[in-house]
Structures are given as C-alpha cells and as structure tokens.
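Colleague: Before I use this model, could you take me through the reasoning behind some of the terms attached to it?

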Amino acid sequence: MRLRTPLRRQQSRRYSGLVVGAVAVLSLVACTGSAEDAANDDDNGSSDSAPAAAAGSNDEEGDQVTIGFSAPAADHGWMAAITNNVRDLQEQYPDVDLQIAEGTNDVNLQISQVETFINDKVDAIVLLPFDGAAMTPIALKAMEAGIPVVNVDREFDDPNAARVTVLGDNYGMGVSAGQYVCEQAGGDKDVVVAEIAGIDSLPLTQDRSQGFEDALSECGLDVDARQAAEFTVESGEEVAANLLQAEPKIDYLWNHDDDQGVGVLAAIENAGRDEFAMIGGAGSANAMRAIQEGDGVLKATVIYPSTQGADGVKLARLLLQDKAMSDLVEVQVPRTVQLYAPVVTADNVDQYLDSAFES
C-alpha cells in the first residue's frame, strides 16, 4: 500500500536525513552482488570490476567479527521476537561472535552492559535502548572508542551516537491502517471509526495516531472515538470494554498493538459485538492466524517489523567486513534504514505468517 507524498511531507521533521525509507523487505543476504556475478566477471577476464562484485554474496563467510547486542526485557511478544531473531543469526553466520546481553528495563544496567562491551573491545554494538535519550551518552562513548554502534528502533538524542540507525515506521503504520479503512469504506462518509492507541505519552503512539488521522482525512473520514491503553493484554481488555460500552455503533476499529489486541478481542467477544472490522498493529502470529481463519472481527494487521534487531546485526556485520548492499549503487552501508509498514489481510497473510512473532 503506497504512502501518499503529502502525508509524508507533514512528518518531514521525523524523517529528515533518511537514506533508505519504506523498505518492504530488508534483504541483506546477498548485498554485494551474487557469486554468479563474480564468476561471470572472472570468466570475462575483467580486471576493473568493483571490489564489491568480486567479493561475491554477503552470506559468504568473511573476517571474524564480534558484535555485542543489548535490548530491553522480553516482556512483550514483539520485544521477545527482537532478541530471538538475533539469536537465530548465530548459526547462520559462523564468522560472527554474538555477545547477547540479558534483556533489561533497567537503564543503568543497560548502560553497564554497553560499558562491558566497550571494555571487551567488541567490534560493533547493536543497541535497542530501553530509553534512547538515557543511552545516548554511552553510545557516544562507544563511537568515540572506535566501536560503531547500530541504533535500533528507539532513537538516540544525538545522531553522532550511531553509525547506522534501523527504524520501524510508526507514522507509516497509522497511514497504512487509515488507508485500509478508506479503501474498505468505499467513499461512505458516515462510517464510524474508533481507535485504541498505546501509551499516549510515547512519541511512537503519537506518530501512529497522527498517521491514522492524516490518512483518514484524505478520504473525508476522521476518528470518532479514541481511547489509549498500555500495550498490555489487561489494559487492552479494560479500555476496549469501556469503548464498546460508550459506542453503540462502530464500523472500523484500529488497535495499535496485537499484544494488547488479545485483550481487545476478549472484550469484543464478551460484549457480543461483531458489526465492525478490526485492524491490528505490529503483526503477531496469533493475529495473522485469526485473519487467516476469517471468522472473527479481526480482518487485517499492520506490520511493525520484529526483525529490526537482526537487521541491525546484519548491517553491523556488513559494515565491519567492508561490504555494502547490492541493490544500491552506494558502496557503503546506509546511515539510516527504515522498514515499511505493510497491511496484512487474508489475501497476503501467507507471505508474512512465518516471520511473525507470538503474542
């Protein structure tokens, strides 16, 4: 689903300086040209081909590198998948020594973990901060020590604190959800649209809601009822129960997060409501299975990739081994990579289910 240019301009302050944006599938497995291409160059006797092409596939074993990884505690299905996807890379890349710190929501402990990585002189650090602002000084310290940092998901306050930043697209999630509602409404301006957001104080929640509002406005709709939950099953159920009691008619309901969506769906079932279509957020496997079955209110979910940590490790590996990304002319790893927020429906769920996380 293509994002409309006017919407993106409205959020240019959030995305200024992006080198690569809206990437549907971040493919880093053959980033410097294929082995077949390299073989063809050799056969042709070419002596002036680019070094990247001669190197062959990026999945070929390279120099041994040590990469430290730290992320918050796995107290949420999406966050658990972040670290699990990183662990899965250990067998895939024998040339990478992954040092994975225990997940923590204690900022001071996470700072200590990064300090240990610096003292151990790892080659690179991939960091999903519990608090981006609080982790900025220690990330700067790592960069000053000559250890490149890959910042994942929650941004540092200072762009100099990271060599590479890997982001999801929170504003784009809202846009994708809003555009889906517009398409399903088919021009009907009288439909009732409701929204169950995440934690309202978080910029990511604000971005998701702004994207949703902006996309709806392009087809003459707005959010008729909105309540905020806390990204938990319990809060989702409580908030949804209140919303359903207050709103006797709903046509479309967007819930920001599939983990809290477990509670939202429970409240919907308890209320006996089935007159509306629900759109989820983040892209959990259980949400996708419900979409696949097609016998409930959940008809779609918008992906917020749980591959970001693994993508960060892959980018760190490329950076350390002096490789790049084959689909770009640029010979270095980009400074910023932003992943796309596609809508998953019954029509395309098979494409995404295998890589989804469990709520």
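The exchange below takes up a strand, a core and a pocket in turn.

Modeller: Please keep in mind throughout that this is a predicted model.

Colleague: What makes both faces of strand β12 count as covered?

Modeller: Thr336 and Gln338 lie on one side of β12, which spans residues 336–339, and Val337 and Leu339 lie on the other. Buried requires under 20% relative accessible area, and these four residues are all buried, so both faces are covered. In a regular strand the side chains alternate between the two faces of the sheet.

Colleague: How do you know that β6 and β12 are paired?

Modeller: Pairing needs at least two bridges between the strands, and β6 (residues 164–167) and β12 have 3, in the parallel sense, so they qualify as paired. Within β12, Gln338 is the bridge partner of Leu167.

Colleague: Which residues touch the most other members of the largest nonpolar core?

Modeller: Among its 52 residues, they are Ile67, Val126, Val181, Ile279, Val302 and Val313. Leaving aside residues up to four places away in sequence, Ile67 touches Val96, Leu98, Val126, Val313 and Leu320, among others, and its contacts also include Asp97 and Arg317. Another core of 19 residues, including Leu244 and Ile291, lies apart from the largest one.

Colleague: Why is Phe231 called a lining residue of the largest pocket?

Modeller: A lining residue must have an atom within 4 Å of a pocket point; Phe231 is one of the 36 residues that line this pocket, so it meets that cut-off. The pocket holds about 990 Å³ of space, and α10 (203–217) gives the most to its lining, with 4 residues.

Notes
Residues are numbered from 1 along each chain as its sequence is written. This is a predicted model: local features need pLDDT of at least 70, side-chain atom pairs count only at pLDDT 80 or more; totals for chains, interfaces and linings use all residues. Side-chain values use heavy atoms; hydrogens and water are left out. On a 1 Å grid over the protein atoms alone, a cavity is a set of points where a 1.4 Å probe fits but cannot get out, and a pocket is an open set with protein on both sides within 12 Å along at least five of seven lines; lining residues have an atom within 4 Å of a point. Grid points are joined across faces, edges and corners, and a volume is the space filled by probe spheres set on the points. Helices (H or I, at least four residues) and strands (E, at least two) are DSSP runs, numbered from the N terminus. Buried means under 20% relative accessible area, exposed over 50%, partly exposed in between (1.4 Å probe, protein chains only). A nonpolar core is a set of buried Ala, Val, Leu, Ile, Met, Phe, Trp, Tyr and Cys residues joined through side-chain atoms within 4.5 Å. Contact means heavy atoms within 4.5 Å.
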